[in-house]
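Please look over the sequence and the structure below before reading on. The notes that follow are grouped by topic.

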Amino acid sequence: MASNSEMGSADFESLLSTSDVELLKRAWRNEKAAPEILPYQGDLVERAKGQIELVEGNIEDYVEDGIDPLVVSLYQMDLDRTQFLLRSYLRVRLLKIEKFMFHILKSEEAESRLSEQEKAFARRCAADLTKHFEESVLLKLPENYQTVQKQSLISDEDDMVPEPNLDTFVVCRSKNSLKLNLYEEGETPVILDLDRGEPSFVRYRAVKRAFESGEVELI
Amino acid sequence: MYGRKGYQLVKDFASGEKGQLKPFNSKLFDETIEECEQNHHLIQSLMRKMQREGLEVPNNRNADHYGALVHHLSLIRNKRCLMAYVHNRAEIVRDLAWRVGLELPYLPPEILEKLTTLEKEYFKNHSVAITSYMGKAGLELNVDMVPPKDPYIKVRVVGDIDRGIMMNDKATNFAPHSMHFLKRTDAEPYIARGQMEELTG
């Protein structure tokens with residue numbers, strides 16, 4: 001815990017860290033760093049959109065009122081940054097959907113993390129790419145080898161679906177001290193102590209649970 | 001050697017610069033498809049032979065069984081290579097839609113000529129998918145690709161741009177090689193299409 005003399009700044013920091021822009025920044029950073037698609041932050045996106053519209057209106061008013069152009073351009077710069085965050089957040093998600101569309105549509109859990117619009121986008125992407133694959137390759141192959149998901153009809157599982165690599169390494173930071181088991185069940189446990197605020201470099205799979213519960217953030 | 005064609009096809013893609021397209025290697029591509037057909041014929045004739053001899057294909061591990069297996073493995077290996085080739089090219093095509101523009105005419109001719117008819121079709125379909133998402137989300141997502149540092153940037157006109165485009169309610173003359181100080185968001189589409197370059201430093 002912070003000592004008394006630090007309380008003031010800690011309070012201010014915690015207040016600052018719950019502002020929507022900070023939340024959006026965190027959602028964006030997490031989304032960028034995580035190998036798999038994360039739950040859609042719908043409420044946050046809607047709030048950010050509303051705020052952007054509000055500031056846009058304000059800036060127009062400032063220009064009409066003849067306020068110092070320098071001040072206006074500072075507001076504009078701030079607005080540009082927020083807009084970039086929002087666009088980039090949505091864009092990073094779409095790029096992940098493009099990359100893992102077949103996997104996402106196959107896995108109920110992954111699909112439930114998308115917004116309605118993203119689901120529509122994923123289905124459309126998959127239909128387009130399937131058509132492209134069929135016309136370019138699959139229809140030219142012998143009968144038993146024509147599906148997108150399987151190498152051939154005798155494959156038991158879908159063995160041609162690209163999946164996110166959950167064993168990739170991520171840089172993460174813990175909000176509190178945390179003990180982390182680096183290995184999965186059945187293996188000799190190796191416990192890693194994460195100190196509060198210290199960045200660590202670990203396998204995504206190992207921090208996945210702590211990350212989903214919000215104890216850890218990715219950077 | 002079976003399966004080599006597919007390998008060469010993938011190598012052909014991998015030897016290109018990352019994110020850049022090479023012309024579609026239809027000669028090698030068609031040869032790989034042809035090898036798949038040969039493999040398939042041989043699998044079938046081996047299986048027919050075993051059936052003629054009254055042997056059940058899955059249970060008799062004789063030379064013909066393994067022969068058919070080798071052809072099957074060669075076939076699926078070639079299939080993986082063919083799919084990887086098309087898949088990786090499709091990834092670049094999608095990237096073009098994001099970075100350069102959502103309409104075919106926006107693509108520079110030197111890129112356009114490297115795309116096959118099917119890839120152009122895919123580009124169009126995927127652009128529609130992106131556009132329809134952006135419409136529903138009420139946001140343009142294909143602008144602002146790099147984090148903004150400064151709301152205004154200095155640019156030089158490199159290509160031919162229709163003169164008298166309105167920007168900021170002012171008609172500007174974008175003569176070739178002229179330099180301008182523009183809003184980043186206004187200039188970005190032109191930079192993406194290679195009609196302007198950003199001057200830094």
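The points below go from the whole of one chain to single residues. The model is predicted. Chain B holds 6 helices and 5 strands, and most of the notes concern that chain.

**Overall form of chain B**

- Along the sequence, the helices and strands of chain B come in the pattern α-α-α-α-α-β-β-β-β-α-β.
- The radius of gyration of chain B is 26 Å, well over the 17 Å that the globule rule gives for 201 residues, so chain B is more spread out than a compact globule.
- Taken along the principal axes, the box filled by the C-alpha atoms of chain B is roughly 85 × 35 × 30 Å.
- Of the contacts in chain B between residues at least 6 apart in sequence, 64% join residues at least 24 apart.

**Surface and charge of chain B**

- Buried residues account for 42% of the 201 residues in chain B.
- Chain B has an accessible surface of about 11,300 Å², and carbon and sulfur atoms supply 52% of that surface.
- Chain B carries 28 positive and 27 negative charges, and the mean positions of the two sets are 4 Å apart.

**Aromatic rings**

- A pair of aromatic rings is described by the distance of the centres and the angle of the planes.
- Over all chains, the count comes to 10 aromatic pairs.
- One of them joins Phe13(B) and Tyr85(B): the ring centres are 6.4 Å apart and the planes stand at 85 degrees, over the cut-off of 60, so the pair is edge-to-face.
- Phe13(B) belongs to helix α1 (residues 4-14) and Tyr85(B) to helix α3 of chain B, so this pair ties together parts that are 72 residues apart in sequence.
- Is each partner buried or exposed, or in between? Phe13(B) has 25% relative accessibility and counts as partly exposed, while Tyr85(B), at 2%, counts as buried.
- Ring pairs also bring in Phe24(B) and Phe29(B), which form a cluster with Phe13(B) and Tyr85(B).

**Gly67(B), in helix α3**

- Helix α3 of chain B covers residues 63-99, and Gly67(B) is found in it.
- Gly67(B) is partly exposed because its relative accessibility is 22%, and buried means under 20%.
- Gly67(B) and Glu17(B) are 50 residues apart along the chain, and their C-alpha atoms are separated by 39 Å.

**Later parts of chain B**

- Most residues other than glycine have a negative phi.
- His177(B) has a positive phi, near 70 degrees, and is not a glycine.
- His177(B) sits in the loop between β3 (170-172) and β4 (179-183) of chain B.
- The relative accessible area of His177(B) is 59%, so this residue is exposed.
- Which residues of helix α6 (residues 184-192) of chain B are buried? They are Arg184(B), Ala187(B), Glu188(B) and Tyr190(B).
- Gly194(B), just after α6(B), has a positive phi of about 75 degrees.

**Leu94(A), in chain A**

- Leu94(A) is part of helix α4 (residues 69-99) of chain A.
- With 0% relative accessibility, Leu94(A) counts as buried.
- Leaving aside neighbours within four places in sequence, Leu94(A) is in contact with Glu118(A) and Phe121(A), and with Trp98(B), Tyr133(B) and Leu141(B).
- From C-alpha to C-alpha, Leu94(A) and Asn176(A) are 32 Å apart in space, and they are 82 residues apart in sequence.

Methods:
Residues numbered from 1 in each chain as written. Chains lettered and ligands numbered in written order. Predicted model: local features only at pLDDT ≥ 70, side-chain atom pairs only at ≥ 80, totals over all residues. Heavy atoms only, no water. Helix = DSSP H or I, 4+ residues; strand = E, 2+ residues; numbered from the N terminus. Buried < 20%, exposed > 50% of the residue type's maximum accessible area, 1.4 Å probe, protein only. Rg over C-alpha atoms; globule rule 2.2 N^0.38 Å. Contact = heavy atoms within 4.5 Å. Areas by Shrake-Rupley, 256 points an atom, 1.4 Å probe, with all protein chains shown as cover. Lys, Arg positive; Asp, Glu negative; His and termini not counted. Charge placed at Lys NZ, Arg CZ, Asp CG, Glu CD. Phe/Tyr/Trp six-rings, centres within 6.5 Å; stacked < 30°, edge-to-face > 60°.
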